[in-house]
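Me: I am new to this one. Please show it to me, and then let me ask about it piece by piece.

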Amino acid sequence: MAVDSSLSSPLGPPACEKDAKALQFIEQMTRNADAVQQTVLAEILTRNAATEYLRRYSLDGATDPHTFKEKLPVITYEDLEPDIQRIANGDRSPILSSHPISEFLTSSGTSAGERKLMPTIKEELDRRQLLYSLLMPVMNLYVPGLDKGKGLYFLFVKSETRTPGGLLARPVLTSYYKSDHFKTRPYDPFVVYTSPNEAILCPDSFQSMYTQMLCGLLQRHQVLRLGAIFASGLLRAIRFLQLNWQDLANDIRNGTLNSKITDPSLRDCIEKILKPDAELADFVSDECSKEDWEGIVTRIWPKTKYLDVIVTGAMAQYIPTLDYYSGGLPLACTMYASSECYFGLNLNPMCKPSEVSYTIMPNMAYFEFLPHEPNTESDSPPKLVDLVDVEVGKEYELVITTYAGLYRYRVGDILRVTGFHNAAPQFHFVRRKNVVLSIDSDKTDEAELQKAVENASKLLKEWKASVVEYTSYAETKTIPGHYVIYWELMVKEAEGKWPSKEVMEDCCLAMEESLNSVYRQGRVADHSIGALEIRVVKNGTFEELMDYAISRGASINQYKVPRCVNFTPIMELLDSRVVSAHFSPALPRWTPARTR
């Protein structure tokens with residue numbers, strides 16, 4: 001089909017007329033970012049003028065940014081919790097939003113403390129759907145022919161709960177998958193999944209994963225892309241295949257569905273498409289029974305063009321394992337979102353993971369940015385910056401005001417400005433704020449811990465081993481306290497061997513060498529920090545950790561391994577799976593900083 005030339009986009013030639021309109025929308029929003037932001041703020045404040053929250057701060061109907069910033073404080077979840085609890089308990093008065101709160105979207109459950117309840121309204125689904133609708137038009141600029149096949153995406157729902165006042169509380173993706181926006185979505189040749197809705201919507205995670213994997217195997221020659229929300233989710237699917245390929249092959253051979261699949265609608269759906277196929281069953285058995293699973297993704301799904309997973313932030317540590325299983329397929333990070341708000345998209349989704357930058361879409365919410373300058377001492381708090389006024393190279397904490405009733409809310413994400421698309425800034429996700437290890441005056445954040453693990457794990461290469469998962473703990477029961485890092489290792493069975501005690505001790509020291517000077521001073525000069533310890537755990541330990549988190553209410557879609565743990569049952573689980581413990585054999589290098 002010829003595309004109307006008047007709908008061409010500076011981003012590139014669109015694949016179809018529908019794509020052209022989507023790309024044109026992106027251009028319109030980003031070119032007019034400041035005007036769009038002013039409109040968004042005015043709309044939010046106008047419609048919510050009579051809410052208790054805005055009246056509490058005497059906004060008196062004002063909609064201009066100056067008055068808004070002068071009168072409303074910058075807040076955290078803890079500030080808002082009393083209001084949220086009132087809504088959860090059944091108060092239907094317009095506390096935060098003039099529109100009724102339709103449900104609560106829960107955080108992933110992996111942060112410290114209880115899950116957060118983020119209020120939302122029905123029209124937010126339209127806003128999220130709008131952002132989703134922009135992803136494939138951008139991807140089609142870089143990967144042609146995606147309408148000629150399907151996507152094998154491992155998507156899951158979590159059974160929801162209700163608040164005392166009767167409102168649903170569930171993860172944002174469960175809300176979306178259970179909505180008509182997803183269930184009755186119009187046919188789009190560029191967005192066709194191998195998994196039927198019945199498999200995605202099955203609340204039993206085993207039955208859902210089993211049938212999604214089975215459908216992916218049955219349609220293996222049609223799969224052009226594999227995906228999950230996070231990289232860890234895709235690796236969990238591969239691990240599931242390792243554990244269950246014999247049952248899956250048996251189903252394919254006989255054309256009958258495993259008796260463990262008991263959901264009636266799911267059984268009925270799968271049995272309609274499952275036919276005996278001895279040739280495919282033999283192929284699956286031959287490939288999966290091999291000791292070497294390197295490149296298993298492209299061996300089973302040979303037409304796969306890329307993996308669609310989030311590999312930024314803490315997910316970056318999965319990149320080597322994904323490369324191993326996929327044979328080095330491109331990793332696409334397409335969008336940036338959270339339970340509080342959907343923020344933007346990656347306009348260059350096939351870039352290297354280290355170069356991923358998300359363009360904030362100014363129509364999604366009103367955005368402000370708190371300069372993140374942890375090493376700067378100042379008596380006055382830093383002044384928040386508008387979306388169009390951020391500076392390239394600087395880091396900021398994201399602050400949002402949403403249609404659903406969050407006002408100047410600190411999301412907790414630290415972003416670095418990498419550039420602009422038209423007038424809209426592009427950000428690299430740096431880390432979640434305040435995810436740290438600390439024994440004394442030292443502060444180790446998530447990014448620094450990740451880098452230390454990466455540097456230390458290089459010592460494992462000659463043993464054909466790698467770190468597939470890790471977390472940490474600040475052990476303060478010893479005097480002095482010390483960092484404990486839990487590692488789960490993968491060794492290539494055909495050619496690798498378990499790293500020696502000496503190598504593991506060298507890994508401990510390599511981690512310490514990678515940490516900041518305050519930490520190293522505490523080790524060398526102050527003797528306030530003990531030798532770093534690596535505890536190697538049995539294979540499958542972190543899968544057990546995930547199962548435990550899910551049993552306590554975490555979403556399988558949103559689950560991320562916590563990079564620092566202190567919850568006693570989790571500590572007990574990890575320690576019960578330790579197979580060896582190793583300490584740094586020497587002090588790291590440290591010299592006093594010169595005085596000027």
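**Helix 19 and its surroundings**

Me: Which residue follows helix 19, with a positive phi?
Reply: This is a predicted model. Past the end of helix 19, phi turns positive, near 115°. The residue there is Gly-553.

Me: What are the buried residues of helix 19?
Reply: Buried means under 20% relative accessible area. Several elements cover the buried residues of helix 19, including helix 11, strand 19, strand 20, strand 21 (533-537) and helix 20 (568-576). The buried residues themselves are Thr-541, Phe-542, Leu-545, Met-546, Ala-549 and Ile-550.

**The second largest pocket**

Me: What is the volume of the second largest pocket?
Reply: Rolling a probe the size of a water molecule over the atoms shows where empty space is left. For the second largest pocket, the volume comes to about 770 Å³.

Me: Which residues lining that second largest pocket are the closest to its centre?
Reply: The lining counts 31 residues. They divide into 15 nonpolar, five polar and 11 charged. Closest to the centre are Arg-239, Gln-242, Tyr-325, Val-468 and Glu-488.

Me: Which element gives the most to the lining of the second largest pocket?
Reply: Elements giving two or more residues are helix 15 (319-326), strand 19 (465-475), strand 20 (482-491), helix 19 (541-551) and helix 11 (231-254). One of them gives five residues, the most. That is helix 11.

**Two loop residues**

Me: Is Gln-219 buried or exposed?
Reply: Gln-219 sits in the loop between helix 10 (205-218) and strand 6 (223-230). Its relative accessible area is 13%. The cut-off for buried is under 20%. So Gln-219 is buried.

Me: Which backbone oxygen does the side chain of Gln-219 reach?
Reply: Leave aside neighbours within four places in sequence, and Gln-219 is in contact with Lys-150 and Thr-194. The side chain of Gln-219 reaches a backbone oxygen at 3.0 Å. That oxygen belongs to Thr-194.

Me: How far apart in space are Leu-167 and Glu-103, C-alpha to C-alpha?
Reply: Leu-167 lies in the loop between strand 4 (161-162) and strand 5 (168-171). In sequence, Leu-167 and Glu-103 are 64 residues apart. Leu-167 touches Glu-103, and its other contacts include Ile-87, Arg-92 and Phe-104. From C-alpha to C-alpha, the distance is 5.3 Å.

Me: Why does Leu-167 count as buried?
Reply: A residue is buried when its relative accessible area is under 20%. Leu-167 meets that cut-off, because its relative accessible area is 8%.

**Positive phi outside glycine**

Me: What is the phi of Ser-58?
Reply: Most residues other than glycine have a negative phi. Ser-58 is not a glycine, yet its phi is positive. It is found in the loop between helix 3 (52-56) and helix 4 (65-71). The phi of Ser-58 is about 55°.

Me: What is the relative accessibility of Asn-422?
Reply: Asn-422 is found in the loop between strand 15 (409-421) and strand 16 (424-432). Its phi is positive too, near 55°. Asn-422 counts as partly exposed, with a relative accessibility of 37%.

**Confidence**

Me: Over which residues is the pLDDT below 50?
Reply: The protein averages a pLDDT of 89, and 93% of the residues score at least 70. One stretch is below 50. Beyond near neighbours in sequence, that stretch has eight contacts in the model. It covers residues 108-113.

Key
Residues are numbered from 1 along each chain as its sequence is written. This is a predicted model: local features need pLDDT of at least 70, side-chain atom pairs count only at pLDDT 80 or more; totals for chains, interfaces and linings use all residues. Side-chain values use heavy atoms; hydrogens and water are left out. pLDDT is the predictor's confidence in each residue, from 0 to 100. Contact means heavy atoms within 4.5 Å. On a 1 Å grid over the protein atoms alone, a cavity is a set of points where a 1.4 Å probe fits but cannot get out, and a pocket is an open set with protein on both sides within 12 Å along at least five of seven lines; lining residues have an atom within 4 Å of a point. Grid points are joined across faces, edges and corners, and a volume is the space filled by probe spheres set on the points. Helices (H or I, at least four residues) and strands (E, at least two) are DSSP runs, numbered from the N terminus. Ala, Val, Leu, Ile, Met, Phe, Trp, Tyr, Cys and Pro count as nonpolar, Asp, Glu, Lys and Arg as charged, and the others, Gly among them, as polar. Buried means under 20% relative accessible area, exposed over 50%, partly exposed in between (1.4 Å probe, protein chains only). A polar contact is a pair of N or O atoms within 3.5 Å; within protein, one must be able to donate a hydrogen and the other to accept it, and residues adjacent in sequence count only if both atoms are side-chain atoms.
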